[in-house]
Amino acid sequence: MNSLTRAFSILIVLACGFTSHAETLDLETTNDVVVRMEKVLSSLEKDSDSYLPMQLRLADLYADRARLYEVKDANADAAT
């Protein structure tokens with residue numbers, strides 16, 4: 001029964017993964033989340049199980065923020 005439950009759980013996760021989609025945060029919200037994540041990350045012990053996933057998510061947010069700034073600059077250049 002345990003392997004059947006595990007297989008069913010994996011199936012649910014995979015099905016949800018294929019049907020979900022990511023939505024992009026706006027620049028202001030991204031900045032707010034970055035500040036909050038930096039505070040949380042600085043409060044974690046480096047050997048915590050959550051430290052690496054939080055660090056990786058923060059890196060993703062930095063990349064998203066850089067992209068959003070680039071889009072904002074491109075739109076401002078196009079408007080002038």
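## A buried threonine

Let's start with one residue: Thr 30 has a relative accessibility of 1%, so Thr 30 counts as buried (buried is under 20% relative accessible area, exposed over 50%, partly exposed in between, with a 1.4 Å probe and protein chains only). Thr 30 sits in helix 2. Setting aside neighbours within four places in sequence, Thr 30 is in contact with Leu 25, Leu 61, Arg 65 and Leu 68, where contact means heavy atoms within 4.5 Å. Asp 64 is 34 residues away from Thr 30 along the chain, yet their C-alpha atoms are 7.8 Å apart.

## What kind of model this is

This is a predicted model, in which local features need pLDDT of at least 70 and side-chain atom pairs count only at pLDDT 80 or more, while totals for chains, interfaces and linings use all residues. Residues are numbered from 1 along each chain as its sequence is written, and side-chain values use heavy atoms, with hydrogens and water left out.

The chain has a mean pLDDT of 83, and 72% of its residues reach 70 or more; pLDDT is the predictor's confidence in each residue, from 0 to 100. Among the chain's elements, helix 2 (residues 27-43) has the highest mean pLDDT, 94, and helix 1 (residues 2-19) the lowest, 59.

## The overall layout

Reading along the sequence, you get α-α-α: three helices and zero strands. Both kinds of element are DSSP runs numbered from the N terminus, with helices being H or I of at least four residues and strands E of at least two.

Of the chain's 80 residues, 12% count as buried. The accessible surface is about 6,700 Å², and 59% of that belongs to carbon and sulfur atoms (areas come from the Shrake-Rupley method with a 1.4 Å probe; for residues, only the protein chains shown count as cover). As for contacts with a separation of 6 or more, 57% are between residues 24 or more positions apart.

## The nonpolar core

Which residues make up the largest nonpolar core? The six are Val 34, Met 37, Leu 41, Tyr 51, Leu 58 and Leu 61. Helix 2 and helix 3 (51-79) are the elements that each give two or more residues to this core. A nonpolar core is a set of buried Ala, Val, Leu, Ile, Met, Phe, Trp, Tyr and Cys residues joined through side-chain atoms within 4.5 Å.

Leu 61 brings us back to the start: beyond neighbours within four places in sequence, Leu 61 is in contact with Thr 30, Val 33, Val 34 and Met 37.
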